[in-house]
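Got the viewer open? Let's take a walk through this one, stop by stop.

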Amino acid sequence: MTQRGPYRKRTVKAPPRFHFFKPAGVSMRTLDKISMSVDELEALRLADYRQLDHAEAAAKMAISRPTFTRLINQARQKVSRLLIDGSALVIVAGNVDFRETLHYCSDCGDLITQKVDTEVLDCSECGSVKTEDLATKYLLQQQTNMEIKGSPN
Ligand SMILES: [Zn+2]
């Protein structure tokens, strides 16, 4: 990235519920892993799952239409590679702002949609205290990635 200003954050509705996929019956040792960022996944959700046109999808992510087109093309390329080659898919952090988050209970698996930055409460389903804010989890991962790359900020 050049220093012409901060890299624009992409708006993503909510953190993904699943972050790992692999083909059945193939050992992890022999698998190639493909990393897909949360913003690439959001592009697939908007253009392919929800069938929005690129202009509308780009507006929802607060990015330009050419940027959206680049993002969706990368994401589709990855999906086709994993389906054909039988790779594993890992969803990783991207440079994103979430509009909503999910609070996940690791005891009962309950997921509750919340506004970002709301306090994580005990699980309303089972009362467990082992609840986690999935948006925070991805944003922490994003910071860690930036530190690994040696960004001064
Ligand atoms: Zn629970």
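Helices here are DSSP runs of H or I with at least four residues, strands are DSSP runs of E with at least two, and both are numbered from the N terminus. On that basis the protein chain has four helices and eight strands. Reading from the N terminus, they come in the order β-β-β-α-α-α-β-β-β-β-β-α.

Before you click on anything, some housekeeping. You are looking at a predicted model, where local features need pLDDT of at least 70, side-chain atom pairs count only at pLDDT 80 or more, and totals for chains, interfaces and linings use all residues. Residues are numbered from 1 along each chain as its sequence is written.

**The whole chain**

Show the C-alpha trace: along its principal axes it spans about 45 × 45 × 35 Å. Now color by pLDDT, the predictor's confidence in each residue, from 0 to 100. The chain averages 88, and 90% of the residues score at least 70. Select residues 1–5, where pLDDT stays under 50. That stretch has one contact beyond four places in sequence; a contact means two C-beta atoms, placed from the backbone, within 7 Å. Where pLDDT is low, the predicted coordinates should not be read in detail.

**Stop one: E2, E3 and E4**

Select strand E4, residues 88–92. Which way does strand E2 (residues 20–21) run against E4? The two are antiparallel, joined by two bridges, and DSSP must find at least two bridges for strands to count as paired. Look for Phe21 opposite Leu89. Next add strand E3, residues 33–37, which runs parallel to E4 through five bridges. Lys33 has Ala88 of E4 as its bridge partner.

**Stop two: H2 against H3**

Select helix H2 (residues 54–61) and helix H3 (residues 65–85). Their axes are 9 Å apart and make an angle of about 100 degrees; axes are lines fitted to C-alpha atoms, for helices over the stretch in contact, and angles run from 0 to 180 degrees between N-to-C directions. H2 and H3 are therefore roughly perpendicular, a label that covers 65 to 115 degrees. Turn on side chains for His54, Ala55, Ala57, Ala58 and Met61 in H2, which meet Arg65, Phe68 and Thr69 in H3.

**Stop three: the E7-E6-E8 sheet**

Three strands make an open, antiparallel sheet here, in the order E7-E6-E8. Strands E7 (111–115) and E8 (131–133) are at the edges with a single partner strand each, so one side of each has no neighbour in the sheet. From one strand to the next, the twist averages 25 degrees.

Start with E6 and E7, which share five bridges; Leu102 is opposite Thr113 in E7. The two form a hairpin with five residues between them, and Gly109 in the turn has a positive phi of about 80 degrees. On the E8 side, three bridges tie E8 to E6 (residues 100–105), and Cys105 has Thr131 as its bridge partner.

**Last stop: Gly127**

Pick Gly127, in the loop between E7 and E8. Is Gly127 buried or exposed? Gly127 counts as exposed because 10 C-beta neighbours lie inside 10 Å; the cut-off for exposed is 12 or fewer, for buried 20 or more, with partly exposed in between, using C-beta atoms placed from the backbone. Finish with a distance label from Gly127 to Cys105: their C-alpha atoms are separated by 9.3 Å, with the two residues 22 apart along the chain.

Note on methods:
Parallel < 35°, antiparallel > 145°, perpendicular 65-115°, else oblique.
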